[in-house]
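Please open the model in your viewer and keep the sequence panel visible. The tour proceeds by selection, from the whole chain to individual residues.

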Amino acid sequence: MNETKRGFIQLHLSVLLAGFTGLFGRLITLNEVDIVWYRMLFTTCILLVFTGLPRVGWQKFWQLCGCGALLGLHWILFYGSIKASNVSIGVICFSLIGFFTALFEPILFKEKRFSWIELLFSLITVAGVMCIFSLDARYRTGIAIGIVSSAVCALYAICNKKASIGVRSRTVLMYQMAGGLVAVSLIAPLYLSVFPSHQPVIVIPDGSNLWLMLCHALFCTVGMYLLQIQALKRLSAFTVNLTYNLEPCYTIILAFFIFGEGRELNFSFYLGIALILLSVLLQTLRVGSRRTAHES
């Protein structure tokens, strides 16, 4: 199996696990800040058991912690979008990550040239999200938060690709979770001053919340991000981020059955989903054809 195919398998497995993330955000009754804080705490503890504290250079250490801070901010905004709207809206805004990556990656990685074809695929996704904007006004706050969340996540994936070079995947994730935990602790007061929570802020999870948080940390964080980091070593950040546009499809199908959210959606929503799927399919075919041409 060549490295590109291996990368795509790892990528799609991580996207499948990511599809459950939005569901956990709805099932866990804590506010978004608590969800993110405990998610990072539990993940850090799980990884410490398996990795210990491997040595990395100070520059690499701060780069990984900075990536963790971006990831923590993205999670807070992502769950905030779900709480302000619903699971389907929260995850569909995440599809804009490919658009932001096409804009940010050439700026941050000077060696990567601006790609008009990547921007075109991203604009197809943007058109899909614009279709979803036709939903009624009660979702506008959730959509706005979700758009900012996708921009932050694009920055995380781009920076993570560079920061993880030469470091084992488990080590990368462990230091990112630890750095993100500290960052979320500092970001939380500012976030809550802008978006006050209607739920208690300092809550120790128990009962179903505790088990849901542990499963969330083990499968949708440790498993998902280890696969994503490995995929980033074999594929471009744009390909990884654009493929993550499939995450809403998995999540929405599950949300239809579990929460009955299909009653809240209309034709323009399904048209938007179709456009997003088209953008992912075109990029997958493009990468595959380039790989075939290179081998020949």
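The stops below begin with the overall fold, continue to a pair of helices, and end at a single side chain.

**The whole chain.** Please bear in mind that this is a predicted model. Select the protein chain and colour it by secondary structure: 13 helices and zero strands are present, so the pattern read along the sequence consists of α elements throughout, as defined by DSSP runs. Of the 296 residues, 55% count as buried. Next, display the surface of the protein chain, which exposes about 13,300 Å²; carbon and sulfur atoms supply 70% of that area. Among contacts between residues at least 6 apart in sequence, 91% join residues at least 24 apart.

**Helices α8 and α10.** Select residues 140-163 for α8 and residues 207-232 for α10. Two packed helices are described by the angle and the distance between their axes. Here the axes come within 10 Å and cross at roughly 65°, and the crossing is right-handed. Which residues of α8 meet α10? Show the side chains of Tyr156, Ala157, Asn160 and Lys161 in α8, which meet Tyr225, Gln228, Ile229 and Leu232 in α10. By class, this contact has five nonpolar, two polar and one charged residues.

**Thr44.** Move now to helix α3, residues 32-51, and select Thr44 within this helix. Is Thr44 buried or exposed? Its relative accessibility is 9%, and Thr44 therefore counts as buried, the cut-off being under 20%. To see its surroundings, add Met174, Met177 and Ala178: Thr44 touches these residues, leaving aside those up to four places away in sequence.

Key
Residues numbered from 1 in each chain as written. Predicted model: local features only at pLDDT ≥ 70, side-chain atom pairs only at ≥ 80, totals over all residues. Heavy atoms only, no water. Helix = DSSP H or I, 4+ residues; strand = E, 2+ residues; numbered from the N terminus. Buried < 20%, exposed > 50% of the residue type's maximum accessible area, 1.4 Å probe, protein only. Contact = heavy atoms within 4.5 Å. Areas by Shrake-Rupley, 256 points an atom, 1.4 Å probe, with all protein chains shown as cover. Axes fitted to C-alpha atoms, helices over the stretch in contact; angles between N-to-C directions. Left-handed = near helix turned anticlockwise from the far one by under 90°. Nonpolar A, V, L, I, M, F, W, Y, C, P; charged D, E, K, R; others polar.
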